[in-house]
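This report concerns the internal cavity and the nonpolar cores of a predicted model. The sequence and structure are shown first.

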Amino acid sequence: MEESLTSDLTEEQSKQLHDLLGNVKLSLLYKASVHGYQASAFHQRCDRQGPTLLVAYNRSGYIFGGYTSVDYTRNEQCITDEEAFLFSFQGKFPVYIKANSGHYARYDNAGMPNFGQQLYFCKNNQPVVYIRGGKSFSFNAERFYGNDTVLTECEVYKVKQSKSVIRKSLMQMMRDHKPLVTSVSRVRILMIGPVGAGKSSFFNSINSIFTGHVTNKAMSGSAGTSLTTQFRTYPVKDGREGKPLPFVLCDTMGLEEQTGAGLDIEDISSILQGRVPDRYKFNPMVPFQPDEQNASRPASLQEKIHCVVYVIDASKISLMSDKLEEKLAVIHREISSLGIPQMVLMTKVDEACPYVEKDLYIIYLNSYIKSKVQEVSSRLGVPVSCVLPVKNYSQELELELNCDVLLLTALQQMLRLADDYLDDVDVL
């Protein structure tokens with residue numbers, strides 16, 4: 001049975017650390033007096049836990065430690081972490097020491113934690129703190145921990161930001177985003193997927209987040225044939241009267257398994273190359289043909305697609321027909337040949353799993369959703385890391401925090417992939 005861990009921090013000390021870290025929750029992962037001072041015990045409990053706070057206690061009553069926002073993974077790499085800091089309780093309030101500019105925050109190896117390869121905790125699996133030469137952090141050992149190297153305890157806490165802080169941070173990131181190539185003012189993201197998977201709903205959902213309430217600007221629904229019959233480019237504003245955000249979501253007619261129905265593969269090629277104008281009405285029987293003027297003019301990088309997103313219904317993955325899967329494979333090859341990055345938006349996760357429907361917060365812990373992510377990855381040939389589960393707004397009347405964070409995290413990945421593409425094109 002899992003032992004119950006009790007923090008050695010007083011209520012006042014805990015409050016002061018919360019003040020340093022912002023609106024977070026601290027959960028105790030590792031306590032050396034319980035789990036041992038061995039590096040193996042530390043890594044077993046603290047690897048891949050996200051941001052962590054280490055708190056050490058010595059014989060002289062000093063309480064000190066460090067924060068890192070980057071996972072422990074034992075990858076034998078120097079870690080740059082602009083958010084990392086050291087702290088020490090000196091007097092009434094803890095002293096806060098940021099890493100010096102241009103220096104690594106820590107070295108991530110199989111040993112116990114170190115900060116800047118300068119300050120080592122529990123070195124050689126012993127209850128001691130050790131300092132060696134280094135310039136990552138500027139501090140005085142006498143003031144920092146009284147020059148008493150013997151530890152009486154060492155604790156590591158998982159630092160979990162509140163969802164409201166995460167949402168605010170993600171939204172600000174979108175506002176501040178600048179495409180890597182100056183000739184591109186807004187990243188163009190193309191949504192492709194079967195009828196009813198939720199392409200238009202994703203735009204409505206992102207638009208809702210930045211508008212501040214649920215909107216339904218793009219036509220969406222659950223009809224048997226595609227409700228989207230035009231190629232639409234949807235810019236998103238930062239609020240109803242705000243500035244356009246630095247991305248455009250491009251919506252297409254839904255894919256259908258029958259030949260001569262739904263979006264034509266040749267149309268996708270034209271869209272990718274930036275030749276199809278906004279509001280062009282698709283004709284499943286006749287692929288898009290540019291007029292003579294546009295046919296002779298090469299599309300600019302600004303007009304082309306910079307990232308492709310397959311929108312797949314999580315509740316229907318296993319029911320996908322061979323013909324549709326084959327059509328998606330052809331599309332995947334065409335996009336890959338152009339070097340455009342691809343990812344999957346796995347929608348309707350609440351309909352796929354009743355546990356997730358009750359609590360969207362557990363989505364990344366749910367074994368069924370994990371299996372669906374693996375299945376989509378295998379079927380579409382997209383890495384697991386590029387399959388992101390989301391829930392679009394469909395029947396809701398009000399915005400929901402967990403839903404927003406999933407949607408914004410997916411959009412963040414799209415912008416990152418688009419940056420990779422633009423960076424690669426810029427090099428060429």
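## Internal cavity

In this predicted model, the largest cavity holds about 30 Å³ of space. With a threshold of 30 Å³ or more, the count comes to one cavity.

## Lining of the cavity

The residues that line the largest cavity are Met191, Lys199, Phe202, Phe203, Tyr234, Leu249 and Asp251. Two elements give two or more residues to this lining, namely helix H6 (199–211) and strand S14 (244–251). The largest share comes from H6, which supplies three residues.

In terms of residue class, the lining of the largest cavity comprises five nonpolar and two charged residues, with no polar residues.

## Principal nonpolar core

The largest nonpolar core of the model contains 82 residues. Within this core, the residues with the most contacts are Ile189, Ile206, Phe247, Tyr310 and Met414. Helix H13 (residues 401–427) provides the largest share of the core, 13 residues.

Which residues does Ile189 touch, not counting residues up to four places away in sequence? On that basis, Ile189 touches Phe247, Val248, Leu249 and Cys250, as well as Cys307 and Val309, and also Leu411, Met414 and Leu415. Among these contacts, Leu249 is also one of the residues lining the largest cavity, while Phe247 and Met414 are listed with Ile189 among the residues with the most contacts inside the core.

## A separate core

Apart from the largest nonpolar core lies another core, of 27 residues. Its members include Leu29, Tyr30, Leu54 and Phe144.

Note on methods
Residues are numbered from 1 along each chain as its sequence is written. This is a predicted model: local features need pLDDT of at least 70, side-chain atom pairs count only at pLDDT 80 or more; totals for chains, interfaces and linings use all residues. Side-chain values use heavy atoms; hydrogens and water are left out. On a 1 Å grid over the protein atoms alone, a cavity is a set of points where a 1.4 Å probe fits but cannot get out, and a pocket is an open set with protein on both sides within 12 Å along at least five of seven lines; lining residues have an atom within 4 Å of a point. Grid points are joined across faces, edges and corners, and a volume is the space filled by probe spheres set on the points. Helices (H or I, at least four residues) and strands (E, at least two) are DSSP runs, numbered from the N terminus. Ala, Val, Leu, Ile, Met, Phe, Trp, Tyr, Cys and Pro count as nonpolar, Asp, Glu, Lys and Arg as charged, and the others, Gly among them, as polar. A nonpolar core is a set of buried Ala, Val, Leu, Ile, Met, Phe, Trp, Tyr and Cys residues joined through side-chain atoms within 4.5 Å. Buried means under 20% relative accessible area, exposed over 50%, partly exposed in between (1.4 Å probe, protein chains only). Contact means heavy atoms within 4.5 Å.
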